[in-house]
Amino acid sequence: MNSDKKRLAVLASGSGSNLQAIIENCQNGYIPAEVAVVLSNNTSAYAIERAKNFNIATVVLETKDFDSREAYDKKVVEILKSYEIDLVVLAGYMLLVTSEFLKGFQGRIMNIHPALLPAFAGTDGIGDALTYGAKVAGVTVHFVDEGCDTGPIILQDCLKIKEGETKEELAKRIHTIEHRLYPEAIKLFCEGRLEVEGRTVKLKS
Ligand code: GRF
C-alpha cells in the first residue's frame with residue numbers, strides 16, 4: 001500500500017455510477033487515494049456489484065436490523081474506523097447521517113447533490129428543478145453537516161436546461177458533470193487543499 005494514499009469509504013444506496021467514476025479516478029492516479037470499502041444500506045444496490053468487480057471490500061447493513069438510526073450509525077462508524085478511513089464519500093446514499101456519524105468523522109464527510117444548492121435540496125433535486133420551471137440546473141459537492149444538503153459547498157457547476165428536456169435527458173447530462181466534479185473535489189481533499197472557514201470552503205494552492 002502506498003502510504004501517501006488516502007483511504008476512502010464510499011456509501012451508496014443505488015446504481016453507483018459516481019462510485020464507478022471515483023474508483024476509476026483512483027486507479028488512473030488522478031485521485032491520490034484508494035477506495036478501501038463500499039458500504040450500502042440496500043441489499044440490492046448495484047453499487048455493491050460494481051465494488052466487487054474491482055475486488056473492493058463491501059458491507060451491507062440494513063437499518064431494520066438496528067433499534068435506532070443512532071445505533072445503525074454507531075455500527076457504521078465502527079466499521080469505517082476499522083478500515084482506517086480518511087474520507088467518507090456519500091454517493092447516492094439515501095440515509096441522512098445522524099450526529100453519531102458526524103461525531104465519528106467530523107469534517108471528513110462529503111456528499112454530491114444533483115442541483116445548485118441551496119435550491120432543490122432533498123431526494124428529487126432534478127425533478128424539483130424541472131417542475132419549478134428552472135432554466136438552469138447543476139451539481140453541488142459539499143461537506144456534510146447535521147442538515148439535509150446544507151453543509152459548506154466545495155464545488156458547483158451548472159448547465160442550461162433545454163426547452164422540452166425530459167427528466168431522463170437532464171439526469172444524464174447532470175450525471176456526466178457529477179462524474180467529473182466529484183473526483184475533482186475528492187482529489188482536492190486528499191491533497192489537503194480544502195480549508196473550511198464558517199460556510200466558506202477555501203481552496204489552497
Ligand atoms: C446522483 O445524482 C447524486 O447526485 C445523488 O444520487 C445520485 C446517485 O447516482 N445524490 P449514482 O448511484 O452514483 O449513479
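**Exercise 1.** In this predicted model, determine which residues Leu155 is in contact with, leaving aside its neighbours within four places in sequence, and decide whether Leu155 is buried or exposed.

*Solution.* Begin by placing the residue: Leu155 belongs to strand 7, which covers residues 153-160. Next, list its partners, taking contact to mean heavy atoms within 4.5 Å; once the neighbours within four places in sequence are set aside, these are Val139, Thr140, Val141, Leu181, Glu184, Ala185 and Leu188. Then turn to the accessible area: the relative value for Leu155 is 15%, and since buried means under 20%, Leu155 is therefore buried. As a last step, consider a residue elsewhere in the chain, Tyr72, which is 83 residues from Leu155 in sequence and 30 Å from it in space, C-alpha to C-alpha.

**Exercise 2.** Find which residues of helix 2 are buried, and work out how they are arranged around the axis of helix 2.

*Solution.* Helix 2 runs over residues 46-53, and its buried residues are Ala47, Ile48, Arg50 and Ala51. They cover an arc of only 160 degrees around the axis, and so they lie on the same side of helix 2. The general background is that an α-helix has 3.6 residues a turn, so residues three or four places apart point the same way. To see what these buried residues pack against, look to helix 1 (17-27), strand 2 (33-40) and strand 3 (57-60). Finally, follow the backbone just beyond helix 2, where Asn55 takes a positive phi of about 55 degrees.

**Exercise 3.** Establish how many of the residues of helix 1 are buried, and which elements those buried residues pack against.

*Solution.* The count comes to 9 of 11 residues, which leaves helix 1 mostly covered. By name, the buried residues are Ser17, Asn18, Leu19, Gln20, Ala21, Ile22, Ile23, Asn25 and Cys26. Their packing partners include strand 1 (6-11), strand 4 (87-90), strand 5 (109-113) and helix 6 (167-190), together with strand 2 and helix 2. Just after helix 1, Gly29 takes a positive phi of about 90 degrees.

**Exercise 4.** Decide what the radius of gyration says about the protein chain as a whole.

*Solution.* For 205 residues, a compact globule would have a radius of gyration near 17 Å, and the value of 16 Å for the protein chain therefore agrees with that expectation. Along the principal axes, the C-alpha trace spans about 50 × 45 × 35 Å. Buried residues make up 48% of the chain, and of the contacts between residues at least 6 apart in sequence, 63% join residues at least 24 apart.

Key. Residues are numbered from 1 along each chain as its sequence is written. This is a predicted model: local features need pLDDT of at least 70, side-chain atom pairs count only at pLDDT 80 or more; totals for chains, interfaces and linings use all residues. Side-chain values use heavy atoms; hydrogens and water are left out. The radius of gyration is taken over C-alpha atoms; the globule rule is 2.2 Å times the number of residues to the power 0.38. Buried means under 20% relative accessible area, exposed over 50%, partly exposed in between (1.4 Å probe, protein chains only). Helices (H or I, at least four residues) and strands (E, at least two) are DSSP runs, numbered from the N terminus. The arc is that of the directions from the helix axis to the C-beta atoms.
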